[in-house]
Amino acid sequence: MNQVNIIGRITKEIEPRVTPTGITVIEFNIALNGRKDKKGNEKSYFFRCVAYSKTAELIQQWFHKGDRIGISGELIDNSYEKDGHRIYNPIIRVNSIDFLQDKRKQSDQSENESYDTIIDESDLPF
């Protein structure tokens, strides 16, 4: 089974391209934080992704740099030979996406949540 599921943030603005046959293609990177090491430093991981057709159009339309996205897809072997060494460069082919809260909406919501609500106990019905 070749199935990849990742939730991360898009690292830069998405620029679509269209193939000569009219298929929309986007390539983008997703960053996610890993576990902290013994020194307390958190390691970041970057995954290269590619999406085609309607999936590419949806991502390009609704997602921007810094937005959280959930993707499901499969690994594509993009390895090649260079100077007699095999270079492994896997790419995730995105089959489906999950809309998650974007960075702008998250900051707006956290500003609204910072206000304390004071309730007068005499107003309670019980």
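**Helix H1 and its surroundings**

Visitor: What does Ser53 count as, at 35% relative accessibility?

Guide: Ser53 counts as partly exposed, because its 35% falls between the cut-offs of under 20% for buried and over 50% for exposed. Please keep in mind that this is a predicted model.

Visitor: Where is Ser53 found?

Guide: Ser53 is found in helix H1, and although Ser53 is not a glycine, its phi is positive, at about 55 degrees.

Visitor: OK, and which residues of H1 are buried?

Guide: In helix H1, which covers residues 53-62, the buried residues are Thr55, Ala56 and Ile59. Seen down the axis of H1, these buried residues fall within an arc of 100 degrees, so they line one face of the helix.

Visitor: And what's exposed on the other side of H1?

Guide: On that other side, Lys54 and Trp62 are the exposed residues.

Visitor: Back to the buried ones: what covers them?

Guide: The cover over the buried residues of H1 includes four strands, namely E3 (24-36), E4 (42-52), E5 (68-76) and E8 (91-99).

Visitor: Take Thr55, then. What is Thr55 in contact with, leaving aside neighbours within four places in sequence?

Guide: With those neighbours set aside, Thr55 is in contact with Val94, Asn95 and Ile97. Thr55 has a relative accessible area of 17%, and because the cut-off for buried is under 20%, Thr55 counts as buried.

Visitor: Switching to the surface, which residues form a nonpolar patch there?

Guide: Leu58, Trp62 and Phe99 form that nonpolar patch, and together they have about 330 Å² of accessible area. Of these residues, Trp62 is exposed on H1, whereas Phe99 is found in strand E8.

Visitor: Another topic: what is the phi of Asp83?

Guide: Asp83 has a positive phi of about 55 degrees, although Asp83 is not a glycine.

Visitor: Where does Asp83 sit, and is Asp83 buried or exposed?

Guide: Asp83 lies in the loop between strand E6 (80-82) and strand E7 (85-87), and with a relative accessible area of 71% Asp83 is exposed.

Visitor: Last thing, what's the mean pLDDT of the chain?

Guide: The mean pLDDT of the chain is 83, and 79% of its residues reach 70 or more.

Visitor: And where does pLDDT stay under 50?

Guide: That is the case over residues 110-126, and for this stretch the model has 1 contact beyond four places in sequence.

Conventions: Residues are numbered from 1 along each chain as its sequence is written. This is a predicted model: local features need pLDDT of at least 70, side-chain atom pairs count only at pLDDT 80 or more; totals for chains, interfaces and linings use all residues. Side-chain values use heavy atoms; hydrogens and water are left out. Buried means under 20% relative accessible area, exposed over 50%, partly exposed in between (1.4 Å probe, protein chains only). Helices (H or I, at least four residues) and strands (E, at least two) are DSSP runs, numbered from the N terminus. The arc is that of the directions from the helix axis to the C-beta atoms. Contact means heavy atoms within 4.5 Å. pLDDT is the predictor's confidence in each residue, from 0 to 100. Patches are made of residues with over 30% relative accessible area and no salt bridge: like charges are joined within 9 Å, nonpolar side chains (Val, Leu, Ile, Met, Phe, Trp, Tyr) within 5 Å. Accessible areas come from the Shrake-Rupley method with a 1.4 Å probe; for residues, only the protein chains shown count as cover. A salt bridge is a side-chain nitrogen of Lys or Arg within 4 Å of a carboxyl oxygen of Asp or Glu.
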